[in-house]
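I opened this entry to look up the model and write down what I could read from it. The notes follow the order in which I went through the topics.

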Amino acid sequence: MTTRSFRPLAALALAAGLCLALPACNKKKPGTDRAEQKDKKDGTTPNPVANTNPAPEVKAPERVDTKAGVGKDAVDFLTAVGAGTAKAGQLSSGFVKLVGLPVEFESDKAKGFSGDAAEAWLRRVGSKLTGMGPMSESSQAGDVAVFRGNFTGGAYFLRMVREGGAWRADWLSLSSVPATGPAAAGGADPLLQAFAATAVAAAMCDRDALSPEQRTATVAAGLTPALRASLAPPFDGDKAHGFDHSPAQLGLKLSAIGGGAEAVSVTPAGDGFKVEVTKAGGAKAAYLLKLAKGPTAGQWLVESITPQ
């Protein structure tokens, strides 16, 4: 190869070098430096691409430190409930609409719940939530965390979700009846499904940790709207007070399942969970619970209860 063959390449490289060196070739649009400097100061990105459907984060489960983050928030919430000082604002937007009933005023009807009713429900629950011991379960999967522990009268179940930049209670139930659930399985969904099925089954079988009215409101929050309406169609008076079901009818249906229970066990069964209720004298009754995803991060709701 001769020296002459390198000349076109050398000329091209020289032209590129000159272009980079000249201001016109490397000139930024007006305002770009200013935008970048603002970027560095406040952490924003110029002309960001909007995320029109941000999804809650559900990761593989991990054990929770109860002295920091959601673990501390859960302990603080349970402590406030026990002390009778918990507020409606500590509940998720979905949960407060089911325990914050009935609604009486137009302003509450517009919101879909009564803050006073929700806080009254929390105080009644708190009156029984005494003598809490160490948590037997504390697991987090991204933006959802579940907790279980004992108190003087039985066991409590708590699910927390990250909503509006804070951790809020998306489920709280008590049960005085011993409940055994499935061993923790790998992955977030099996863990959260097992929690939901066990928490609802334990609440249905509760004997006296909650009053019948509180128990009905709690279980209603663990059912799909379609199942609530199917089990207990609302009367006009129920609708006028914000209910999508009849609390009185639902209470009777729940009593038929869990009334007189002395123990309850929950085990995986195909695409659902088998709930076995042991009643006085050793008599047993079995039901198949099937779940469906709820609107909240990590939420699973009971969509059918079938006698076996």
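For burial I took under 20% relative accessible area as buried, over 50% as exposed, and anything in between as partly exposed. My first lookup under that rule was G69, which has a relative accessible area of 47% and is therefore partly exposed. I found G69 in helix 3. Its C-alpha atom is separated by 8.8 Å from that of W167, a residue 98 places away along the chain.

**Confidence and overall make-up**

I noted at the start that the model is predicted. The mean pLDDT of the chain is 85, with 80% of the residues at 70 or more. I marked residues 1-55, where pLDDT stays under 50. For that stretch the model has 13 contacts beyond four places in sequence.

I counted 11 helices and 10 strands in the secondary structure of the chain. Of the 308 residues, 42% are buried. The chain exposes about 16300 Å², and I read that carbon and sulfur atoms supply 57% of this area. I also looked at contacts between residues at least 6 apart in sequence: 51% of them join residues at least 24 apart.

**Aromatic rings**

How many aromatic pairs does the chain have? I get a count of 3 aromatic pairs, taking ring centres within 6.5 Å as the rule.

I looked up F95 and W171 as one of these pairs. Their centres are 6.5 Å apart and their planes make an angle of 40 degrees, and the pair is tilted. F95 is in the loop between helix 3 (69-83) and helix 4 (96-99), while W171 is in strand 5 (residues 166-175), so this pair ties together parts that are 76 residues apart in sequence. I found both F95 and W171 buried.

I then took F157 and F195, whose ring centres are 6.1 Å apart. The planes of these two rings stand at 65 degrees, so I entered the pair as edge-to-face, for which the angle has to be over 60. F157 belongs to strand 4 (residues 154-163) and F195 to helix 7 (residues 188-205), so the pair ties together parts that are 38 residues apart in sequence. I have both F157 and F195 down as buried.

I also noted that ring pairs link F95, W121 and W171 into a cluster. Separately, I found K111 over the face of F113, at 4.8 Å from the ring centre.

**Helix 7**

Buried or exposed, what are the residues of helix 7 mostly? I found 15 of the 18 residues in helix 7 buried, so I wrote the helix down as mostly covered, taking buried as under 20% relative accessible area. Helix 7 reaches 26 Å from its first C-alpha to its last, close to the 26 Å expected at 1.5 Å a residue.

I picked T198 from helix 7. T198 has 4% relative accessibility and counts as buried, because that value is under 20%. What does T198 touch, leaving out residues up to four places away in sequence? I listed R148, F157, T180, G181, P182 and V266. F157 in that list is the residue whose ring pairs with F195.

**The loop between helix 3 and helix 4**

I looked up T85 in the loop between helix 3 and helix 4. T85 is partly exposed, at 46% relative accessibility. Not counting residues up to four places away in sequence, T85 touches A80 and Q90. I read 8.4 Å between the C-alpha atoms of T85 and L122, which are 37 residues apart along the chain.

**A cis peptide bond**

I found that the peptide bond from L101 to P102 is cis, with omega near 5 degrees. P102 is in the loop between helix 4 and helix 5 (106-111).

**Strand 10**

My last lookup was I305, in strand 10 (residues 300-307). I305 counts as buried because its 19% relative accessibility is under the 20% limit. I listed its contacts, not counting residues up to four places away in sequence, as M204, L227, I257, Y287, L288 and L289. For I305 and Y287 I also read a C-alpha to C-alpha separation of 6.3 Å, with their positions 18 residues apart in sequence counted as the distance apart.

Conventions
Residues are numbered from 1 along each chain as its sequence is written. This is a predicted model: local features need pLDDT of at least 70, side-chain atom pairs count only at pLDDT 80 or more; totals for chains, interfaces and linings use all residues. Side-chain values use heavy atoms; hydrogens and water are left out. Rings of Phe, Tyr and Trp (its six-membered ring) pair if their centres lie within 6.5 Å; planes under 30 degrees apart count as stacked, over 60 as edge-to-face and the rest as tilted. Helices (H or I, at least four residues) and strands (E, at least two) are DSSP runs, numbered from the N terminus. Buried means under 20% relative accessible area, exposed over 50%, partly exposed in between (1.4 Å probe, protein chains only). A charge sits over a ring if NZ of Lys or CZ of Arg is within 6 Å of the ring centre and within 35 degrees of the ring normal. pLDDT is the predictor's confidence in each residue, from 0 to 100. Contact means heavy atoms within 4.5 Å. Accessible areas come from the Shrake-Rupley method with a 1.4 Å probe; for residues, only the protein chains shown count as cover. The expected span of a helix is 1.5 Å times one less than its number of residues.
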